[in-house]
Amino acid sequence: MDFQRLLLVAALSFTLLMIWQAWQQDYVQPKTEVAQGQAGSQAIQPAGDMPGAPEQTLSAAQPGDAPSLRQVKSVQRVQVRTDLYDIEIDGIGGDLRRVDLLDYPVEVGKPDQPFRLMADDKDFFIAQAALLPANGSPAPNHHQQFVAEKDSYRMTEGEDTLDVRLTWVGSDGVAIDKIYTFHRGSYVIDVAFEVRNNSAEPWQGHMYSQLQRSEPEDSGSAFIYTYTGGVIYSEEEKYEKVKFDDMQKVDLNRTITGGWAAMIQHYFLAAWIPQANETSNYYTKAPGDNRYIIGMVGGARSVPAGEKGLLNAQLYVGPKLQDELKEVAKGLELTVDYGILTIISEPLFWMLKKIHGIIGNWGWAIIILTIMIKAVFYKLSETSYKSMAHMRKVQPRLAALKERYGDDKQKLNEAMMKMYREEKINPLGGCLPILVQIPVFIALYWMLLESVEMRQAPFMLWIQDLSTKDPFYVLPVLMGATMLIQHKLNPTPLDPIQARVMMILPIAFTFFFMFFPAGLVLYWVVNNTLSIAQQWYITRVVIGNK
């Protein structure tokens, strides 16, 4: 492969990245096979949208089980407002049925309309937690009615926590409170069940927590792919995606100590986190009606007669803020999905955040980070541009050789290699340094795409949201222009087909980048501009003075 073909490979690398986006869906194969539980436990066999307890199998005809029901609304809906949330809890199951994120407007032009992460309408996404009985003890599942003392709760100034308590009264003197505890400045919600066992027998049961959602009809831009679906984490298998298609094919059944289960989407997630030392059965279900469920059932707990007991877990509902996610649970920050280049993307984001902390503008932070990256790769780029300059000088001789040997590829290659040796030119020298940098460029691409900090982040002038496309397409046009200038600075390929392809690339890329987030296009404009300046300097000054 000659120099020009390698250069073509480098130019096409970003086009291949578009293919990577489809491949990214499968880069971690989810474990969808049924796993064996611990010794002595039986497999979960859920029915409808109910999990089964490890000690029993629930019948599909169990009272209260309504597997086809999507929009349930009891006689009571509890409104909860904190510094971060506007939430609606339904009395049926005490489900979290609506979650608005107050600090994240739906779009720049609507600052007073918060982004709705959870809802039980067309875009179905809810969080549920309830109890399963063991040994015949009374316990409310998520189809049972809870009652709150008030219809509305608000976190007032000076309050750091807000408790919302819902009560279910069973038979034989057993009453159970479901308690949501909200914390100021935190997207972590504590969820607990307080069992008041006033019966004459010990109470036994399991806590289960699950997320239900529909597969979104709108998958976003055709040119930008981000994963939406289930994720589980365990110490043994680490981060695993469980796609909606996998949930339809096989019900996941895995015994995990600690870990977490989540439904994620671009910029946001909801995740159930059990106690770190608790062993739970993780499961998925696809009960139909475009519903998909991921969750866990904890081990059996016992509350002696006449005493109280507590079963609890944590629920994270909010943006993918890496620093916060690291504090909540091990591995939860991996939901900011940088793919297989995470090892490069994470330090790049760390540096970008440090720069933003100094200048306070994400757009300028991207520009400064791009300059720093170019500085790190200066020597590699210098080698590449020197090789290109030498190749440009011998371009007339290469054209003469091609004319002399015509279609005799063997003799043409022999003559070219002889000339390279005489001129001390490495035909690969111009492209290999570029190829070394490609993983960094791709890692930066994923970092900018996945970081919620870019969402609605203003830059300057007409660009008020770095996560959406340039409304006037100025940056894509500038990017295309810089690509065209780079093309003119490089040696013209001898192969006319290659020459035409290289000429078309700036136009094709301009079209692609019209639909890309402005932050990504800004990076490429700055990177290309710096490359042009560097190439001009090396060609005219460094090499020209020799």
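**Entry 1: salt bridges**

I began with Asp323, which pairs with Lys353 in a salt bridge whose closest N and O atoms are 2.5 Å apart. I am working on a predicted model, so every value here is computed from it. This pair links distant parts of the chain, with Asp323 in helix 3 (residues 322-328) and Lys353 in helix 4 (residues 342-359), 30 residues apart. I looked up the exposure of both ends: Asp323 counts as partly exposed at 44% relative accessibility, and Lys353 counts as partly exposed at 31%.

How many salt bridges does the structure hold? My search gave 20.

Next I picked Arg77 and Glu88, whose closest N and O atoms are 2.6 Å apart in a salt bridge. Arg77 sits in strand 1 (residues 77-81) and Glu88 in strand 2, eleven residues apart. Buried or exposed, I wondered, for Arg77? At 12% relative accessibility, Arg77 counts as buried. Glu88 has 14% and is buried too, since the cut-off for buried is under 20% relative accessible area.

I then went on to Asp177 and Arg196, which meet through their side chains in a salt bridge of 2.6 Å, N to O. Asp177 belongs to strand 9 and Arg196 to strand 10, so this pair ties together parts that are 19 residues apart in sequence. Here the two ends fall into separate classes: Asp177 is buried at 4% relative accessibility, while Arg196 is partly exposed at 22%.

I also followed salt bridges that share partners. One network of this kind joins Arg77, Arg81, Asp86, Glu88, Asp90, Asp95, Arg97, Arg98, Asp100, Arg116 and Asp120.

**Entry 2: aromatic rings**

I searched the whole structure for aromatic pairs and found 20. I opened Tyr85 and Tyr187 to see how their rings are set: the centres are 5.7 Å apart and the planes at 80°, so I noted the pair as edge-to-face. Which parts of the chain does this pair tie together? Tyr85 is in strand 2 (residues 85-90) and Tyr187 is in the loop between strand 9 (174-183) and strand 10 (188-197), so the parts joined are 102 residues apart in sequence. Both tyrosines, Tyr85 and Tyr187, are buried.

Phe509 and Phe513 gave me a stacked pair, 6.3 Å centre to centre with 20° between the planes. Both lie in helix 11 (residues 496-513), four residues apart, which is about one turn of the helix. Phe509 has a relative accessible area of 5% and is buried; Phe513, at 1%, is buried as well.

I traced ring pairs outward and came to a cluster that links Tyr445, Trp446, Phe509, Phe511, Phe512, Phe513, Phe515, Phe516, Tyr523 and Trp524.

I checked for charges over ring faces too. Arg213 lies over the face of Phe125, 4.4 Å from the ring centre. Arg455 is placed over the face of Phe115, at 5.2 Å from the ring centre.

**Entry 3: nonpolar cores**

In soluble globular proteins, nonpolar side chains tend to be buried together, and I turned to that next. The largest nonpolar core has 123 residues, and the members touching the most others are Leu96, Met118, Phe182, Ile189, Leu211 and Val317. Which helix gives the most to this core? I found helix 9 (residues 432-450), with eleven residues.

I took a closer look at Met118. Leaving aside neighbours within four places in sequence, Met118 is in contact with Leu96, Arg97, Arg98, Val99, Phe125, Ile126, Ala127, Leu211, Ala270 and Val317. Apart from the largest core lies another one, of ten residues, including Met391, Leu412, Met416 and Ile425.

**Entry 4: Ser467**

My last lookup was Ser467, in the loop between helix 9 and helix 10 (474-489). Its relative accessible area is 15%, so Ser467 counts as buried. What joins the side chains of Ser467 and Asp465? I noted a polar contact of 2.7 Å. Not counting residues up to four places away in sequence, Ser467 touches Tyr267, Met454, Arg455, Gln456 and Pro517. I recognised Arg455 from that list as the residue over the face of Phe115.

Note on methods
Residues numbered from 1 in each chain as written. Predicted model: local features only at pLDDT ≥ 70, side-chain atom pairs only at ≥ 80, totals over all residues. Heavy atoms only, no water. Phe/Tyr/Trp six-rings, centres within 6.5 Å; stacked < 30°, edge-to-face > 60°. Helix = DSSP H or I, 4+ residues; strand = E, 2+ residues; numbered from the N terminus. Buried < 20%, exposed > 50% of the residue type's maximum accessible area, 1.4 Å probe, protein only. Lys NZ or Arg CZ within 6 Å of the ring centre and 35° of its normal. Core = buried A, V, L, I, M, F, W, Y, C linked by side-chain atoms within 4.5 Å. Contact = heavy atoms within 4.5 Å. Polar contact = N/O pair within 3.5 Å; in protein donor to acceptor, adjacent residues only side chain to side chain. Salt bridge = Lys/Arg side-chain N within 4 Å of Asp/Glu carboxyl O.
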